[in-house]
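Grab your viewer and a coffee, and let's work through a few exercises together. Try each task yourself before reading the solution.

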Amino acid sequence: TGGPLVQDKTSKIRFRVSNNHVYANENMAKIGDPIYQPGPYDFGNSTSAVGKLAKFVKIDVTGTNTVDCALRTTDPTESNVVFKLNKVPTSMVEPKVGMNVTKQGRTTGVTIGTIVDIDLTISVGYDAGVVLFENQILVESDDAFSQGGDSGSGVYTDDGVDLHWVGLLFAGSDDGSYTIVNYASEVASQL
């Protein structure tokens, strides 16, 4: 899943955010590699290219991580509307315990959850091994907030008027009741 559109402060070039494990194949891709939407898992191929890998933060299998993120290039006309929410994120906000959040992902669509932790340390399984993450957001939901294929979704809070970017979804429990999210501010800082 592709997350929000972001813009480089200096160059004013826009990019789409997602996870390293989505766009950069756990550090194995090269800058300039094509990004497909739908992805190859969903039968995407060269005719479904939507951009090229522009940048990623390496996942450190032996150390501690705070983000799983990457950027792809965009077409200048690519919309920044979160389609099924029918809103454009207007700002980035820091998470708070008890904050209600929503996301739109490839597998579970639009779902709603509540932030229950804003300083989570957790180990997450990747193809390359078990990876340690600290300073993460934990979202809880009675139903599945996320499932496989939702990685890379932007996680937002909606104040009734505007949509605000809180974080980037990258992992979760098998049943989807718990979802792990990087801080949006940390993703923006590291990219």
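## Strand 10 and its partners

In strand 10, Glu140 is the bridge partner of Thr114. Before going further, some ground rules: this is a predicted model, where local features need pLDDT of at least 70 and side-chain atom pairs count only at pLDDT 80 or more, while totals for chains, interfaces and linings use all residues. Residues are numbered from 1 along each chain as its sequence is written, and side-chain values use heavy atoms, with hydrogens and water left out.

**Exercise 1.** Work out which strands pair with strand 10, and in which sense.

*Solution.*
- Step 1: get the terms straight. Strands are DSSP runs of E with at least two residues, numbered from the N terminus, and two of them pair if DSSP finds at least two bridges between them.
- Step 2: take strand 9 (residues 109–126). Strand 9 runs antiparallel to strand 10, and 9 bridges join them. The two make a hairpin with 2 residues in between.
- Step 3: move to strand 13 (residues 178–183), also antiparallel to strand 10, with 4 bridges. Here Leu138 has Ile180 as its bridge partner.
- Step 4: check strand 5 (residues 64–65). Strand 5 pairs with strand 10 (residues 129–140) in the parallel sense, over 2 bridges. Asn65 is matched with Phe133.

**Exercise 2.** Lay out the open sheet of 5 strands and find its edges.

*Solution.*
- Step 1: write down the order, 1-2-6-4-3, with antiparallel pairing.
- Step 2: mark the edges. These are strand 1 (5–7) and strand 3 (34–36), each pairing on one side only.
- Step 3: add the twist, which averages 45° from one strand to the next (axes are lines fitted to C-alpha atoms, and angles run from 0 to 180 degrees between N-to-C directions).
- Step 4: look inside the sheet. Strand 4 (residues 49–56) joins strand 6 through 3 antiparallel bridges, and Leu53 sits opposite Arg72 of strand 6.

**Exercise 3.** Hunt down the salt bridges and say which residues form a network.

*Solution.*
- Step 1: set the cut-off. You want a side-chain nitrogen of Lys or Arg within 4 Å of a carboxyl oxygen of Asp or Glu. The whole structure gives 3 of these.
- Step 2: start with Arg16 and Glu78, whose closest N and O atoms are 2.8 Å apart. Arg16 belongs to strand 2 (residues 14–18) and Glu78 to the loop between strand 6 (70–73) and strand 7 (89–92), so this pair ties together parts 62 residues apart in sequence.
- Step 3: add Arg72, which also meets Glu78 in a salt bridge (2.8 Å, N to O). That gives you the network of Arg16, Arg72 and Glu78.
- Step 4: check burial, where buried is under 20% relative accessible area, exposed is over 50% and partly exposed is in between (1.4 Å probe, protein chains only). Arg16 counts as buried at 10%, and Glu78 is buried at 17%.
- Step 5: finish with Asp158 and Lys87, at 2.9 Å between the closest N and O atoms. This pair links strand 11 (residues 154–158) to the loop between strand 6 and strand 7, 71 residues apart.

**Exercise 4.** Find what the side chain of Thr1 touches through polar atoms.

*Solution.*
- Step 1: place Thr1 in the segment before strand 1. Thr1 is buried, at 17% relative accessible area.
- Step 2: look at its side chain. A polar atom there lies 3.0 Å from the backbone nitrogen of Arg106, and one lies 2.8 Å from the backbone oxygen of Gly149.

Note on methods: A polar contact is a pair of N or O atoms within 3.5 Å; within protein, one must be able to donate a hydrogen and the other to accept it, and residues adjacent in sequence count only if both atoms are side-chain atoms.
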